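Dear colleague,

I am passing on the structure below, followed by some notes on what I found in it. Please read the notes with the structure open beside you.

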Amino acid sequence: MFGAGGGTSSYKEVEETDVILLWGSNAREAHPIYFHHVLKGLEKGAKMYCVDPRRTSSAKFADMWLGINVGSDVALANAIGREIIASGLTNDDFIAHSTEGFEDYKAHVENYTLEATELLTGVPASAIKEMAHAYGSAETAQILWTLGITEHHNAVDNVVALCNLALLTGHVGRWGSGLVPLRGQNNVQGGGDMGALPNKLAGFQDVVDDEARAKFEALWGHEINPTPGLHLTHMFEAMDRGELTAVYVIGENPADSEADIEHARKLLRGLDCLVVQDIFMTRTAELADVVFPASVAWAESDGTVTSSERRVQRVRKAVNAPGEAKDDIEIIGELARRMGVDWGNPTSEDLWDELRSLSPLHAGMSWRRLEDEGGLQWPCPSMDHPGSPFLHGWLWEDDLGGRGPAPFSCVDDDPPIEQLTDEFPLRLTTGRALDSYNTGVQSGGFNSPIRYGDELDLNPTDAAGLGIENGERVLVSSPRGSVEMNIRLQPDIPVGLSFTTFHFPELVDTNVLTTDQYDPRSGTAEFKAASIRVDKLAASGGLNA
Amino acid sequence: MTVADKTVSGTKVSITIDGQPVEVDQGQTILDGCRSAGVDTPTICYADNLTPVNVCRVCVVEVDGNRTLVPSCSRPAEEGMVVHTDSDRVRHSRKMVLEFLGSGVDLSQATEIGPWMDHYGADTARYGESPEGMNETVKIQDDLYIRDYDKCVLCYKCVEACGDDAQHTFAIAVAGRGFDARISTEFDVELPESACVYCGNCIGVCPTGALQFKSEFDMREAANWRPEEHTVTTTVCSYCGVGCNLELHVQDDTIVKVTSPADHSVTSGHLCVKGRFGWQYVQPPTRR
């Protein structure tokens, strides 16, 4: 909607904001130290509204928890937009000056009345109204979200529906107000910034843009393919069609992490050539034809990572890599040499300086400055630029910084693709637990006393209906497969919903259950909404496999 | 349209410390003034990333016109204040505080307190044998923490870090009164049964080693803890995208401890369980 992809705000801003909408994020467990900044905001009197199907540990710090039906976020956002308009809480100067498409949006959300939206979302009309008024009348307000918004087949709709609210109220582009997607991995922001996206070069420059490409081609002395590449999800489809036959995986474990995992593994096994570069012999590496043992990026080599507040920070080598493990840069350089191109032996600083010469966002971030200033937030276009605490200040400039106004988007409620049926009547949503991380390749390295494993959280009422007790081992099935799991009775989860983590694929192959339906625009699978059934093991006779 | 900048008020306050004129920002403490004047001041219960709780009294100074000694860590500087940090009264008081602490608590690993004991000539033997209650068994209830109550000076730092200064978990508090006062979980349950989420922020602020990483404790027990050889490298945690800075303490090419800089804008020195303990995958038997 606004251009470059990054959280608009600094962590410090959430300490000073008035209203926080924590939407589809359990930051207390998934981003614990960011949540410390949220807590400082709450201590200073900020009000927090937490939108989540589960009453999470984050929700327990909120002034109000809005227990939304999984996947009905657009409806809730549209209803809030409608209520803000109907109550005269819009920032009319901002809408007139900095946005376009307001009248269409206003007409579009007209049907999302409080009452109609209560039926769609399961959130009481009074709660929707209260949150709308709090956000609409706040001097500063932030919307924070994570995968509860983006792991849906309509992920992009969800995001723009939230952006609409910021445009209605002017809660973007100034200190304390913003739109903050919290990044789930230590360099997922930096990876995108560096061009590890199918359609972007470093610094979010479009691969289809001849002028941008020419700059890179001139420096690299080589033509760049102008056709955008494939998202991960599209890659698996291309494997399925037999079009993608060779894959080079660097530091990812798709053989455990992909949705509908059995299907993904079959496709990986069917490749002509699979190369995996990792610090461990992961399940994906076990499938590989060639494995390159890599060093640990943040402890055994030098470089940078970029955080959720767009802060580029140095990682530094503290210990030597074991055995034959090599730095990623060295491995890629050696590979190029085998292909007949000699790039020499660049240091991470050499590569960083090349990046700075190509990406205006990073031009002012010298290695020295990154050291001296505790990291810098992009955009930082010149050596005398202090970095940017927040984005989109141009929305408040008289000439919009020479840009066009920001558009409203008209999007509609679009429930999860996998509907509940008599056969699979329970909704399954997945997420992280505090002490674990993704497929456990890293977090499995320490013995956490609070680790409970991938149990299936179920409301006691649902369990009672099935005659299931706390801790009982059950058979959990989705249209794609079945796994055995232990039940954890959890009153904080609503009736009809179940939840599990996916940190222990060796013990519970959670992603056997999840659906690989995805948003074609973002490539993100709908991990948050599968349908399942739960059977007593005695009745089902257990797993045959 | 314009947006107002939020800036801190720049009002200055002038005070005198040991005869030396010092200027600090309004709202800063006497301790801040001492530091900017280069006057070393002992502290135990104070930390830059915690709210002062005024329990240890080792940072006391004499302020003209004040009947009692005042804790420099929490007393805001006021215009015209005349402060003495090295008067007989201050030295005597600091010495007594250190002697009382040292007479009832094992300060052998309190690396920041030891030099002050020497500085003020604190003689803990003046109070005779160790009191009853010493020689408690070290509490080891999991693979991450140990608790050694013989080393606890009841400075409250761990309580503050677990509570509303950082973590907001409130798993520990001071239970009991007088000689029976001690840091406890709710109903003194074992740590894994308590509200504890194992962020280790209590360990991060403990000044005496009463709370300690189990890994450090084991190495000390094996007489293999050699801090003088440690290198400390600042890097970024490998888990979520918040960007917490980690200080990797390395001995023999092996990470032995992780901390975070207290002045880091992202963490203020505090971490979560993954940042504090999740580094062990770097050096499992399968990789090294």
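What should the 15 residues of helix α10 (residues 155-169) of chain A span at 1.5 Å a residue, and how far apart are its end C-alpha atoms? Bear in mind throughout that this is a predicted model. The expected span is 21 Å, and the end C-alpha atoms of the helix are 22 Å apart, which agrees. Of the 15 residues of α10(A), 13 are buried, so this helix is largely enclosed by the rest of the structure. Just after α10(A) comes A:G170, which takes a positive phi of about 70°.

A second point concerns two other helices of chain A. The axes of α7 (residues 114-121) and α8 (residues 125-137) of chain A come within 8 Å and cross at roughly 110°, which makes α7(A) roughly perpendicular to α8(A). The crossing of α7(A) past α8(A) is right-handed. On the α7(A) side the contact is made by A:L114, A:E115, A:T117 and A:E118, while α8(A) brings A:A125, A:I128 and A:K129; by class, this contact has three nonpolar, one polar and three charged residues.

Lastly, the interface between the chains: 47 residues of chain A are in contact with 48 residues of chain B. On the side of chain A that touches chain B, α3 (32-43), α11 (188-193) and β13 (311-315) of chain A each supply at least two residues, and α3(A) gives the most, with six residues. That side of chain A has 24 nonpolar, 17 polar and six charged residues by class.

With best wishes

Methods:
Residues numbered from 1 in each chain as written. Chains lettered and ligands numbered in written order. Predicted model: local features only at pLDDT ≥ 70, side-chain atom pairs only at ≥ 80, totals over all residues. Contact = placed C-beta atoms within 7 Å. Helix = DSSP H or I, 4+ residues; strand = E, 2+ residues; numbered from the N terminus. Nonpolar A, V, L, I, M, F, W, Y, C, P; charged D, E, K, R; others polar. Axes fitted to C-alpha atoms, helices over the stretch in contact; angles between N-to-C directions. Parallel < 35°, antiparallel > 145°, perpendicular 65-115°, else oblique. Left-handed = near helix turned anticlockwise from the far one by under 90°. Expected span 1.5 Å × (residues − 1). Buried ≥ 20, exposed ≤ 12 C-beta atoms within 10 Å, placed from the backbone.
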